[in-house]
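User: Hi, I have a structure open and want to understand it piece by piece. Can we start with the strands?
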Amino acid sequence: MNFKNNLKNNLENSFENNCKKCQKDAHCCIFKKNVGFTFVGIKDAKRIKQLIKKDYDYFLDYSPVSKEIVVCLKNCDPALEGALRYSQLDKHNNILRLKTKKDGRCIFLDKQNHCDIYSIRPNICRIYPFWAVELIDGKIKVIPHDIQSKCGVIKSLVKRQNNEQKEKEIDEILSREEKSEIKKIFKQIKMEDLFYKKNIIKFIKDNDLIKDNSFIKDKKQN
Ligand code: SF4
Ligand code: SF4
């Protein structure tokens, strides 16, 4: 996913080598058969709008996700992103996300598979293909975003370790610098979650992002 950021050497090379040849059915910016989405926080959305100078309607989708997605999020490992997204669905299974084209490509993915809004992409794009968990002692541990990842970056990191006959977790493979960057983004995602839950109804209403406002009435009645 064009993830270079401030990450250095090892990981940066892995993105360079793998993202260019990533298969459509594995690519993190392409959602075939509508089986995934890119979450956008309110702050992400504001930042993008400000820079691309287009209305929210151009890139935001606040419609119900498919039943398949709801089941998938509901059954997700509680530590992974899916569980967080499940907690953000409203009563009608709406969640704020980036629009996709008919072929499932993110609206910002160009023909050469480059991100048009790379420097201002949503936080989830900045952390992918990694995620993190908060341990009981308060420490944060970096993990792969998916349990069985098809992502070439994750595979190459794991493979490299296997060649060295070592069994290490992603958290042990990455450099301190890389982990620190990922943890910083993870903390922002957690903070964004609180802000999102508190403000999403107002944001949708203020920006007229859904024509049928029945979900807003439902919320008010609760
Ligand atoms: S899934 Fe992995 S290899 Fe493919 S584009 Fe995304 S980060 Fe790169
Ligand atoms: S915003 Fe950019 S990095 Fe994120 S899914 Fe879209 S194309 Fe990929």
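Analyst: Sure. Keep in mind that this is a predicted model. Strand β3 (residues 130–134) and strand β4 (residues 140–144) run antiparallel, and five bridges join them.

User: Which residue in β4 stands opposite tryptophan 131?
Analyst: Isoleucine 143 does.

User: And how many residues lie between β3 and β4?
Analyst: Five, and the two strands form a hairpin. Look at glycine 138 in the turn: its phi is positive, about 90°.

User: Is there another positive phi to look at, and where?
Analyst: Try asparagine 93. Its phi is near 65°, and asparagine 93 is not a glycine. You'll find asparagine 93 in the loop between α5 and β2 (97–98).

User: Why point that out?
Analyst: Because most residues other than glycine have a negative phi.

User: Okay. What about the peptide bond from tyrosine 128 to proline 129, cis or trans?
Analyst: That bond is cis, with omega near 10°. Proline 129 sits in the loop between α6 (123–127) and β3. For context, most peptide bonds are trans.

User: Switching to helices. At what angle do α4 and α5 cross?
Analyst: Roughly 120°. Helix α4 covers residues 67–74 and helix α5 covers residues 81–88, and their axes come within 8 Å.

User: Why is α4 called oblique to α5?
Analyst: Because of that crossing angle of roughly 120°. Angles of 65 to 115 degrees count as roughly perpendicular and those over 145 as roughly antiparallel, so this one is oblique.

User: Left-handed or right-handed?
Analyst: The crossing of α4 and α5 is left-handed.

User: Which residues make the contact?
Analyst: From α4, they are Cys72, Leu73 and Lys74. From α5, they are Gly82, Arg85 and Tyr86. By class, the contact has three nonpolar, one polar and two charged residues.

User: Now the ligands. Which residues come nearest to ligand 1?
Analyst: Cys19, Cys22, Cys28, Cys151 and Gly152, out of twelve residues around ligand 1.

User: Which helices supply at least two residues of that shell around ligand 1?
Analyst: α1 (9–19) and α7 (152–163) each do.

User: How many charged residues are in the shell around ligand 1?
Analyst: None. That shell has nine nonpolar and three polar residues.

User: And how many residues surround ligand 2?
Analyst: There are 13. The closest are Cys29, Cys106, Leu109, Cys115 and Cys125.

User: How does the shell around ligand 2 divide by class?
Analyst: Ten are nonpolar, two polar and one charged.

Key
Residues are numbered from 1 along each chain as its sequence is written. Chains are lettered from A and ligands numbered from 1 in the order in which they are written. This is a predicted model: local features need pLDDT of at least 70, side-chain atom pairs count only at pLDDT 80 or more; totals for chains, interfaces and linings use all residues. A residue is near a molecule or strand if its C-beta atom, placed from the backbone, lies within 6 Å of it. Ala, Val, Leu, Ile, Met, Phe, Trp, Tyr, Cys and Pro count as nonpolar, Asp, Glu, Lys and Arg as charged, and the others, Gly among them, as polar. Axes are lines fitted to C-alpha atoms, for helices over the stretch in contact, and angles run from 0 to 180 degrees between N-to-C directions. Helices (H or I, at least four residues) and strands (E, at least two) are DSSP runs, numbered from the N terminus. Angles under 35 degrees count as roughly parallel, over 145 as roughly antiparallel, 65 to 115 as roughly perpendicular and the rest as oblique. A crossing is left-handed if the near helix is turned anticlockwise from the far one by less than a right angle, and right-handed if clockwise. Two residues are in contact if their C-beta atoms, placed from the backbone, lie within 7 Å. Two strands pair if DSSP finds at least two bridges between them.
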